[in-house]
Amino acid sequence: MSWFDPRRTRGRRRLDAGGALIVCAIIGSISAGCSDGGGFRPMYGATTSGIGVQEKMASVEVAPIPSRVGQRIRNELIFESTGGGTPAPRQYRLEITIKESLGSTLVKNSGEALSQIYNLDANFKLVRISDKSVLLQGTSYARAEFERFQQIYSNVRAREDAENRVARQVSDDLKTRLAAFLSRDRA
């Protein structure tokens, strides 16, 4: 016999349609209390002031970042915030400085590395353009391993792939952090 067997309901109360309706009404009223701004709301929905987070993201100007990886991060952020469309009037400026480094792993006795790790640390700050105040700052980082080969082109290509993966990870992290910050009405 299973737990839901109707023959086993003696001595127990079964939840009928009226009881289920009452339970749904209670859950609905509890979850409706979350929409007043004090509880949960979707991050990419409208803020309590009615301005969408995507619109706020489109008003962020991303400052140029030196190096190929920096340019890649900047391009990813611009595309993710505007969707490739026309940017909104600028209210914020995102300034990013990056630090790149390589670490060797699996080193042979001869000193030749069989594998390397590409490290990227990105310090960022979100500045309100009108009064130059820093609203948000922090650090994002990513690591990507790549193998070393005998062919030079393979090594170059493997490192570029690692750089691209790291740039995408950092830009995704920055986009999420900016969206979470801008979804609050204090921003």
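**Group meeting: a walk through one predicted chain**

Let me start with one residue, Q169: it is partly exposed, with a relative accessible area of 40%. The figure of 40% falls between the limits of 20% and 50%, and so Q169 is called neither buried nor exposed. Before going further, please keep in mind that this is a predicted model.

Where does Q169 sit? Its place is in helix α4, which covers residues 152-182. Setting aside residues up to four places away in sequence, Q169 touches A142 and R143. There is also a distance to mention: Q169 and Y141 are 28 residues apart along the chain, and their C-alpha atoms are separated by 8.2 Å.

Now the chain as a whole. The protein chain has four helices and four strands. If you read along the sequence, the pattern is α-α-β-α-β-β-β-α. The chain has 187 residues, and 30% of them count as buried. As for the surface, the chain exposes about 12,000 Å², with 55% of that supplied by carbon and sulfur atoms. One more figure concerns contacts: take those with a separation of 6 or more, and 62% of them are between residues 24 or more positions apart.

Back to single residues. R143, which Q169 touches, also turns up beside N119. N119 belongs to strand β3, residues 113-128. Is N119 buried or exposed? With 16% relative accessibility it counts as buried, because the cut-off for buried is under 20%. The side chain of N119 makes a polar contact with the side chain of R143, at 3.2 Å. Leaving out neighbours within four places in sequence, the contacts of N119 include K99, E100, S101, L102 and G103. A142 and R143 are also in contact with N119. So A142 and R143 are touched by N119 and by Q169 alike, while Q169 is partly exposed and N119 is buried.

Next, empty space inside the model. Rolling a probe the size of a water molecule over the atoms shows where empty space is left. How many cavities of 30 Å³ or more does the structure hold? The number is one. The largest cavity has a volume of about 50 Å³. Its lining consists of M57, V60, V62, L77, S81, L94 and L178. By class, that lining has six nonpolar residues, one polar residue and no charged residues. Two elements, β1 (60-62) and α3 (68-82), each supply at least two residues of the lining.

The loop between β1 and α3 is my next stop, and S67 is found there. Phi of S67 is near 85 degrees, which is a positive value in a residue other than glycine. S67 has 36% relative accessibility and therefore counts as partly exposed.

A second residue with a positive phi is K132, where the angle is near 60 degrees; K132 is not a glycine either. Its place is in the loop between β3 and β4, the latter being residues 134-147. Why is K132 called exposed? Its relative accessible area is 63%, and exposed means over 50%.

To close, go back to the structure and find Q169 in α4, then N119 in β3. After those, look at S67 in the loop between β1 and α3, and at K132 in the loop between β3 and β4. That is all from me.

Definitions and conventions: Residues are numbered from 1 along each chain as its sequence is written. This is a predicted model: local features need pLDDT of at least 70, side-chain atom pairs count only at pLDDT 80 or more; totals for chains, interfaces and linings use all residues. Side-chain values use heavy atoms; hydrogens and water are left out. Buried means under 20% relative accessible area, exposed over 50%, partly exposed in between (1.4 Å probe, protein chains only). Contact means heavy atoms within 4.5 Å. Accessible areas come from the Shrake-Rupley method with a 1.4 Å probe; for residues, only the protein chains shown count as cover. A polar contact is a pair of N or O atoms within 3.5 Å; within protein, one must be able to donate a hydrogen and the other to accept it, and residues adjacent in sequence count only if both atoms are side-chain atoms. On a 1 Å grid over the protein atoms alone, a cavity is a set of points where a 1.4 Å probe fits but cannot get out, and a pocket is an open set with protein on both sides within 12 Å along at least five of seven lines; lining residues have an atom within 4 Å of a point. Grid points are joined across faces, edges and corners, and a volume is the space filled by probe spheres set on the points. Ala, Val, Leu, Ile, Met, Phe, Trp, Tyr, Cys and Pro count as nonpolar, Asp, Glu, Lys and Arg as charged, and the others, Gly among them, as polar.
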